[in-house]
Protein chains: 2
Amino acid sequence: MNQAAQSKDYEEELRRAGVRITRPRQVILRILSETEDHPDAMEIFNRACEIDPSISLSTVYRTMKLLEEKGAIHRHAFEGGRARFEQAGGGHHDHLIDIDTGDVIEFHSGKIEALQDEIARSLGYEIVYHKLELYGRKRRRR
Amino acid sequence: MNQAAQSKDYEEELRRAGVRITRPRQVILRILSETEDHPDAMEIFNRACEIDPSISLSTVYRTMKLLEEKGAIHRHAFEGGRARFEQAGGGHHDHLIDIDTGDVIEFHSGKIEALQDEIARSLGYEIVYHKLELYGRKRRRR
DNA sequence: GTCGGTGCAAATTATTTGCACAAGT
DNA sequence: ACTTGTGCAAATAATTTGCACCGAC
């Protein structure tokens with residue numbers, strides 16, 4: 001399925017959840033569908049302004065909060081102050097952050113997650129969610 | 001070694017690194033040595049004020065930054081806005097955060113770290129540091 | 001005595017909110 | 001129509017910084 005269709009799907013799902021699909025929300029959903037990276041609120045605001053300059057930063061923040069509550073996006077607090085977002089769907093994964101460029105690479109390891117569960121259980125806990133971030137730099141071949 | 005002695009050791013090490021051991025810094029180092037938990041700047045400020053009310057919040061922040069640069073403490077950005085600190089030393093470990101109480105439990109898994117390295121390597125990266133946080137709640141026995 | 005450190009208040013940065021008006025259903 | 005959403009500007013919250021004085025070495 002292409003990105004435009006995916007964006008429409010999200011709209012439908014939100015509409016069903018009783019969320020009004022306003023112009024700013026359409027624009028933001030489209031941006032989130034099209035992006036490959038993990039933009040922060042200001043970045044989303046900038047991209048949104050190119051499509052519709054009347055959108056405000058407040059609306060971006062309010063929409064991100066709404067989408068997070070509805071489970072449509074995930075919020076990350078990587079190093080560096082601002083929160084960064086990515087659309088949900090596409091399965092759970094963790095992140096490897098390039099400390100030189102800020103690039104984010106997604107990965108997933110069932111083995112690590114199994115070990116996490118084991119550890120939590122042995123400490124008398126049940127994991128609700130977790131955060132695994134690897135910070136590193138490109139290995140130069142020798 | 002007891003906590004007071006440990007605190008003195010930190011003082012010596014910092015002094016050798018060319019850091020002046022002022023009254024506020026002594027107080028903050030002592031607090032960090034004595035604490036079992038992971039306090040934020042405001043909490044450290046409050047505890048410091050009980051020992052010496054003339055200490056300012058700015059100094060707490062400045063000292064935390066200094067100690068972090070010197071490698072004497074680690075800064076964590078657990079959920080909930082403010083940064084939290086813990087003294088370094090005592091070996092690397094990760095954290096399990098109780099989402100009901102905010103309590104932090106430390107743990108370490110060589111197996112997970114080995115897997116992390118493996119994953120990073122396969123992606124062409126070298127890990128500089130990582131962050132693994134498990135958020136969960138106490139398991140009730142059945 | 002010198003230079004780095006401190007307290008205080010003001011500045012920054014990221015995010016949130018009150019309000020009057022606009023727009024989705 | 002009714003209610004929710006929006007833009008704007010002002011409010012918060014966490015942290016940082018400029019400046020004149022103070023204290024560690």
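# Notebook: two protein chains and two DNA strands

**Entry 1: DNA strand D.** I began at the side chain of Thr22(A), where an N or O atom sits 2.7 Å from a phosphate oxygen of DNA strand D. I noted straight away that this is a predicted model.

I then looked for other polar contacts to the same strand. Ser54(A) uses a polar backbone atom, and that atom is 2.7 Å from a phosphate oxygen of DNA strand D. Arg20(A) reaches a base instead: a polar atom of its side chain lies 2.7 Å from a base oxygen of DNA strand D.

Next I asked which residues come nearest to DNA strand D. I found 21 residues around the strand, and the nearest are Thr59(A), Arg15(B), Arg20(B), Tyr61(B) and Arg82(B). Of the strand's atoms that come within 4 Å of the protein, 62% belong to sugar and phosphate.

I sorted the residues of this surface by class. There are 8 charged, 7 polar and 6 nonpolar residues near DNA strand D.

Then I checked the helices. Three of them each supply at least two residues of the surface near DNA strand D: H2 (23–34) and H4 (57–69) of chain A, and H4 (57–69) of chain B. H4(B) gives the most, with 5 residues.

**Entry 2: DNA strand C.** I turned to the other strand and counted 20 residues around DNA strand C. The closest are Tyr61(A), Arg82(A), Thr22(B), Ser54(B) and Thr59(B). Sugar and phosphate make up 67% of the atoms of DNA strand C that come within 4 Å of the protein.

I looked up its polar contacts too. The side chain of Arg20(A) has an N or O atom 3.0 Å from a base nitrogen of DNA strand C. In chain B, the side chain of Thr22(B) places an N or O atom 2.7 Å from a phosphate oxygen of DNA strand C. Ile55(B) takes part through its backbone, with a polar atom 3.4 Å from a phosphate oxygen of DNA strand C.

Which elements give two or more residues to the surface near DNA strand C? They are H4 of chain A, and helix H2 (23–34) and H4 of chain B. H4(A) gives the most, with 4 residues. By class, I wrote down 8 charged, 7 polar and 5 nonpolar residues for the surface near DNA strand C.

**Entry 3: helix H5 against helix H5.** I moved on to where the two chains meet through helix H5 (residues 110–122) of each. The two helices pack at an angle of about 160 degrees, and their axes are 10 Å apart. H5(A) and H5(B) are therefore roughly antiparallel to each other. H5(A) passes H5(B) in a left-handed crossing.

I listed the residues in contact. H5(A) brings Lys111(A), Ile112(A), Leu115(A), Gln116(A) and Ile119(A), while H5(B) brings Lys111(B), Ile112(B), Leu115(B), Gln116(B) and Ile119(B). By class, I get 6 nonpolar, 2 polar and 2 charged residues in this contact.

**Entry 4: inside chain B.** Last, I looked at helix H3 (residues 41–51) of chain B packing with H4(B). Their angle is about 120 degrees, with the axes 9 Å apart. That makes H3(B) oblique to H4(B). The crossing of H3(B) past H4(B) is right-handed.

Which residues of H3(B) meet H4(B)? Ala41(B), Met42(B), Ile44(B) and Phe45(B) do, and they meet Leu57(B), Val60(B), Tyr61(B) and Met64(B) in H4(B). This contact has 8 nonpolar residues, no polar ones and no charged ones.

Note on methods
Residues numbered from 1 in each chain as written. Chains lettered and ligands numbered in written order. Predicted model: local features only at pLDDT ≥ 70, side-chain atom pairs only at ≥ 80, totals over all residues. Heavy atoms only, no water. Axes fitted to C-alpha atoms, helices over the stretch in contact; angles between N-to-C directions. Parallel < 35°, antiparallel > 145°, perpendicular 65-115°, else oblique. Left-handed = near helix turned anticlockwise from the far one by under 90°. Contact = heavy atoms within 4.5 Å. Nonpolar A, V, L, I, M, F, W, Y, C, P; charged D, E, K, R; others polar. Near = heavy atom within 4 Å. Polar contact = N/O pair within 3.5 Å; in protein donor to acceptor, adjacent residues only side chain to side chain.
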